[in-house]
Amino acid sequence: MSLASIRLTTSDRHRLFVVLSAAQRRSALDRARALGLEGEIRGAEVVAPAEVPPDLITMRTTFRITDLDSGEDGIFTLVYPDEEDPSEGRISVLAPLGIAVLGHRVGDTVEPAVPDPVRRGRLAEILFQPEACGRYEL
């Protein structure tokens, strides 16, 4: 039995190791964030995409998070770094919130390393998850 704090799909884990490799050639900030993400990935329980529960945040999942300090909700989609667009709510898996939510489930409380856009948040709802729709290639 795994004591992992998060779950990842086999395909997300593979793609995220590619992201980590690319981050090593980027800015010092990306390299530092990659270290945090790497720790999460290495400690994760890995599951087949078809076995992912529908309330788990995987890559390209759109979710609603409630800021526990302000009570405000935000809607975000977890994406790969080259797809990031904060003005559209697409946050990179290398961003503090992206690292914090990856592999967590609805109801979990997360605390990003840097409080932007939330300091402490509760994962309130999954609005779209590729695996729940049978879209394992995303």
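Let's start with helix α1: its 14 residues reach 20 Å from the first C-alpha to the last, close to the 20 Å expected at 1.5 Å a residue. Keep in mind that this is a predicted model. Beyond that helix, there's an open sheet of 5 strands and a nonpolar core of 29 residues, the largest one here. Here's how the pieces fit together.

**Helix α1 and its cover**
- The buried residues in α1 are Ser11, Asp12, Leu16, Val19, Leu20 and Ala23.
- As a general point, an α-helix has 3.6 residues a turn, so residues three or four places apart point the same way.
- What covers the buried residues of α1? The cover includes β1 (7-9) and α2.

**Ala34 in helix α2**
- Ala34 sits in helix α2, and it counts as buried because its relative accessibility is 0%, with the cut-off for buried being under 20%.
- Leave out the neighbours within four places in sequence, and Ala34 is in contact with Leu20, Ala23, Gln24 and Leu94.
- Two of those names come up in α1 as well: Leu20 and Ala23 are among its buried residues.
- Gln24 is 10 residues away from Ala34 in sequence, and the two are 7.6 Å apart in space, C-alpha to C-alpha.

**The sheet**
- The strand order is β5-β4-β3-β7-β6, and the pairing is mixed.
- Which strands are at the edges? Those are β5 (90-92) and β6, each pairing on one side only.
- β3 pairs with β7 in the antiparallel sense over 6 bridges, and Thr62 stands opposite Phe128 in β7.
- β3 also pairs with β4, again antiparallel, over 5 bridges; there, Thr66 stands opposite Asp73 in β4.
- Strand β6 (residues 109-110) pairs with β7 in the antiparallel sense over 2 bridges, with Thr109 standing opposite Arg122 in β7.

**Thr77 in strand β4**
- Is Thr77, which lies in strand β4, buried or exposed? Thr77 is buried, because its relative accessible area is 17%, under the 20% cut-off.
- The side chains of Thr77 and Thr62 are joined by a polar contact of 2.7 Å.
- Not counting residues up to four places away in sequence, Thr77 touches Arg60, Thr61, Thr62, Gly89, Arg90 and Ile91.

**The aromatic pair**
- The count of aromatic pairs comes to 1: Phe63 with Phe76, a tilted pair at 6.1 Å centre to centre and 40° between the planes.
- Why does this pair tie together parts that are 13 residues apart in sequence? It does so because Phe63 lies in strand β3 (residues 62-67) and Phe76 in strand β4 (residues 73-79).
- Both Phe63 and Phe76 are buried.

**The nonpolar core**
- Within the 29-residue core, the residues with the most contacts are Leu16, Leu37, Phe63, Ile65, Leu78 and Val101.
- The elements giving two or more residues to this core are α1 (10-23), α2 (28-42), β3, β4, α3 (96-101) and β7 (121-128).
- Leu16 and Phe63 have turned up already: Leu16 is one of the buried residues of α1, and Phe63 is half of the aromatic pair.
- What does Ile65 contact once its neighbours within four places in sequence are left aside? The list is Glu72, Asp73, Gly74, Phe76, Leu97, Val101, Val110, Val118, Gly121, Arg122, Leu123 and Ala124.

Technical notes: Residues are numbered from 1 along each chain as its sequence is written. This is a predicted model: local features need pLDDT of at least 70, side-chain atom pairs count only at pLDDT 80 or more; totals for chains, interfaces and linings use all residues. Side-chain values use heavy atoms; hydrogens and water are left out. Rings of Phe, Tyr and Trp (its six-membered ring) pair if their centres lie within 6.5 Å; planes under 30 degrees apart count as stacked, over 60 as edge-to-face and the rest as tilted. Helices (H or I, at least four residues) and strands (E, at least two) are DSSP runs, numbered from the N terminus. Buried means under 20% relative accessible area, exposed over 50%, partly exposed in between (1.4 Å probe, protein chains only). A nonpolar core is a set of buried Ala, Val, Leu, Ile, Met, Phe, Trp, Tyr and Cys residues joined through side-chain atoms within 4.5 Å. Contact means heavy atoms within 4.5 Å. The expected span of a helix is 1.5 Å times one less than its number of residues. Two strands pair if DSSP finds at least two bridges between them. A polar contact is a pair of N or O atoms within 3.5 Å; within protein, one must be able to donate a hydrogen and the other to accept it, and residues adjacent in sequence count only if both atoms are side-chain atoms.
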